[in-house]
Amino acid sequence: MQILTQLVFSGIALGMIYAVIAFGYQLTFATSDTLNFGQGDALMLGALVGLTLVGLGVNYWLMIPLVCLFGAVQGAVVERIGVRPALKIKSEFGWIMSTIALGIIFKNVAENVWGRDDLKFPSPLPESPMKFLGANVLPMEILVIVGAVGMMLAVEVFNRKSIYGKAVVATFNDRDAAKLMGINTGLVITFSYALSSLSAAFAGVLIAPLTLTGATMGAVLGLKAFAVAIIGGLTSGMGIILGGIILGVAETTTGFYLSTGYKDVPGLVLLLIVLAVKPAGLFGKTAIKKV
Amino acid sequence: MNVKKLVLGAAAIAALAAFPLASGNPYYIHLVETIMIYAIVLFGLDIVVGYTGQVSLGHAGLFGIGAYTAGVLILKLDAPVYVTLPAALAVTAAFGAVLALPALRVTGPYLAMVTLAFGTIVQILINEMTFLTEGPMGITLTKPSLFGHALDETEFYWLVLALLIASLVFVDRVLRSQLGRAFEALRGSPVASDCMGVSVYRYKVYAFVISAALAGLAGSLYAYSEQYISPNTYNFELTVMFLLAVIMGGRKTRTGALLGATIIVLLPKLLDDLQMFRTGAVVLAVIVVASVAVGLKRGKLTKQAAAIPVVGSIALAAVSFKLETMTDWRLSIFGLITLFVVYYLQDGIVGFVRNALNLKTKHERDTTAAKATALTRASGQGQGGNDGELLKANGVLMQFGGLKALNNVDLVVQRGSIHGLIGPNGSGKSTMMNVLTGIYQPTAGSVLFAGTSVTGRTSSDIALSGIARTFQNVQLFGEMTALQNVLVGLHHSFKSNLIDIALHLPRYLREDREQRARAHALLEFVGLESLASEEARNLPYGKQRLLEIARALALDPQLLLLDEPAAGLTAPDIKELLEIIRKIRGAGVTVILIEHHMDVVMSLCDRVSVLDFGQKIAEGLPAEVQANEKVIEAYLGGQAV
């Protein structure tokens, strides 16, 4: 029982990371109907840049805003190079391929800069577990949960309360109408990409102390986060938190009771099943297609 | 078949076959062998990517399944080659069907993610199922033996070549047949495909299964060719390389696939040679700068648009002199090439060359020896006579959220009549069409067509039972010719199966000849005969509407639904259209006509129903309806009392 509680707790922490990345997918999907297939690589870059900064002697807490800034710039670059030209020529294939290509480039650059081996990210909090409901819980796991939820809430509040947020929501509802109302939709889309990569980079520095950091850490994380985004529904705000928790717990328990080699399988299988059965996600609404 | 093409093909095959003898170098033989194996994968991938227009990131996984099916069979059962190859083909095809299941529900980025997840799962399973696959250790095998004779490198090369040619002929024949047209139609307009009786579901599965089978065959050949397989070969990078090869070579051409395969196999080898890469990068930069300069001068490019390729290519050239070794940066180079191809070489090398040389995309040869009649008498007409009820909708309710787009609408259409359906914009006319053709499932109510219920059946099923339609916003298969569009409508009259097509058996050849003649006749009927080999997207708007009618008639419908056929037509065109619609009725086809041109409605229709805000407010003879106060009120607004 104690082990199970512990697995559930790490599962929740992991799930929160998925939720943050999935949140990033939602942000760009909301404004432009596009996704960054290199989202996992944005996370990986965030973690590695964070590692370098910490290595240079920057305090962990001070490093976070710097990494967020880096993530935002990286996201804006992806949008400018990979997505905007494709939106202009209305080519779905175009942005899928170009964000994949950019992801590959980022990964390859990271491999060459930081090496191919996984690196240890020093934990900013004590690594001795605390007792919680009889289970051993790492303080870092609590930070992950708090940080992830805080991040998502901050963006939600921004979208709902500020006039800039209204522009984002308007672009989501009808891109052309928003443009006619004087909203610079191009800028809004760039902004959403910046925000999306920012949250991925933030997730990267949160998860890094719990796992190992390296060029290959992003790919599978990005894919599983997509599973979470689908389970939660690409247009449903908080469904992803539940989706993240489901997947996170499924994964830690599979890893423990079956084999760590199989730990990625439940998420991917869940993705296939949800898309085959209810593509709008468990919490999303099915859109009516006009003919 | 074109004689020049035949000679060229024979020469190419002869050159390929003679290559191992001429070169004698096992390294080069193996290289060409790999190119041929990849080409087989690409033929299949092109069916999914080029024809049905879906992005598949799962083909490396399928390739791996093929390789491992062969590998495991050899490892566990010591199976001979004539067992392993068909087994790899069959097993991978089955996996292709599994992969197609989510593909039925989703498209675009979702499908890309699904196929990516599939590929990842395959890789994990191969790694983990050690009892079967030896896991990360990999499997070592030897070249196969045929009829008791162990093949050496050269002989195996010939086997691969033979299978490459077989795949090429097979894929080419399939794609030129009704199957290929169905695949292409899915890409052009899924809704229209369904309404032409070409089930989107079924043909997507077919496309994936055929595509997967080819990947499986290639995978098993790859296992024999490498003589060693390990899970990490079949990774994400390989999948992206396959995609890159298809788009770089050129979609929808077999030459493009061969070219793409050559590039992705040879490019890494070229990158290994640093000096060559530097020269290449400099040449590329010069070409890009020169072409951008020309573009700027002619005003075809904005400065902003020009900046990216110029800066990119110069940076690449500069970097190439900085780097000590290229191999580490291989993937970045591939990434850059992908970006370049996606934005500047969308039609691939083959498309680019065709454009540059002004060669038109060659569409199938057109031989109309046999004459056919455009309209066969509507089937079933004899039974009910001319005055039975063909269509009976009862209390149809269509609710979208709180909005009742159709509110308890009854509609009875007499066999052999032209029934007008009019009403102001947003009154529910097109919604009614969509309910009748199964695109929407009504919330309540029943629709009986020729005595059987329509509700709950799929669009393609309804289409095949005799309801054809046109669309308010034209839904043609844009990249296909006018003739091919009509042939998609004729899909239902093809009975030949995959074997007939692959072997060009008499049944297929006869059907193909007959249906082509029929398609020409249909085009002639609507006056588009001279535009038969023009791509649909290039036709003027009015002609597109006529083409839609021809395509709908190809279904041999009992009931034809025309959704605003006269919209956007000029006065003389409308006159022609009236003539065509009268002829259609003359052939015994019942017509429901939605139209805003009142003169068209009044001169054609036997009965008219009027909808307003989802309710039927009037029905009767055209003259009666015209005089009806409610109708006048709906169109012109109520009197201010």
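Trainee: What separates the centres of domain 1 of chain B and domain 2 of chain B?

Mentor: The two centres, taken over C-alpha atoms, are 41 Å apart. This is a predicted model, in which local features need pLDDT of at least 70, side-chain atom pairs count only at pLDDT 80 or more, and totals for chains, interfaces and linings use all residues. Residues are numbered from 1 along each chain as its sequence is written, and chains are lettered from A and ligands numbered from 1 in the order in which they are written.

Trainee: Where do the domain bounds in chain B come from?

Mentor: From an automatic or database domain assignment. Domain 1 covers 11-267 and domain 2 covers 381-636.

Trainee: What makes two residues a contact?

Mentor: Their C-beta atoms, placed from the backbone, must lie within 7 Å. Between the domains of chain B, the contact takes 20 residues from domain 1 and 28 residues from domain 2.

Trainee: Which helix of chain B gives the most to the side of domain 1 that touches domain 2?

Mentor: α8(B), with seven residues. Helices (H or I, at least four residues) are DSSP runs, numbered from the N terminus.

Trainee: How many residues of chain A and of chain B does the contact between these chains take?

Mentor: Chain A gives 34 residues and chain B gives 38 residues. α4(A) gives the most to the chain A side, with 14 residues.

Trainee: What makes a residue on that side nonpolar?

Mentor: Ala, Val, Leu, Ile, Met, Phe, Trp, Tyr, Cys and Pro count as nonpolar, Asp, Glu, Lys and Arg as charged, and the others, Gly among them, as polar. By these classes, the side of chain A that touches chain B has 26 nonpolar, six polar and two charged residues.

Terms used: Helices (H or I, at least four residues) and strands (E, at least two) are DSSP runs, numbered from the N terminus.
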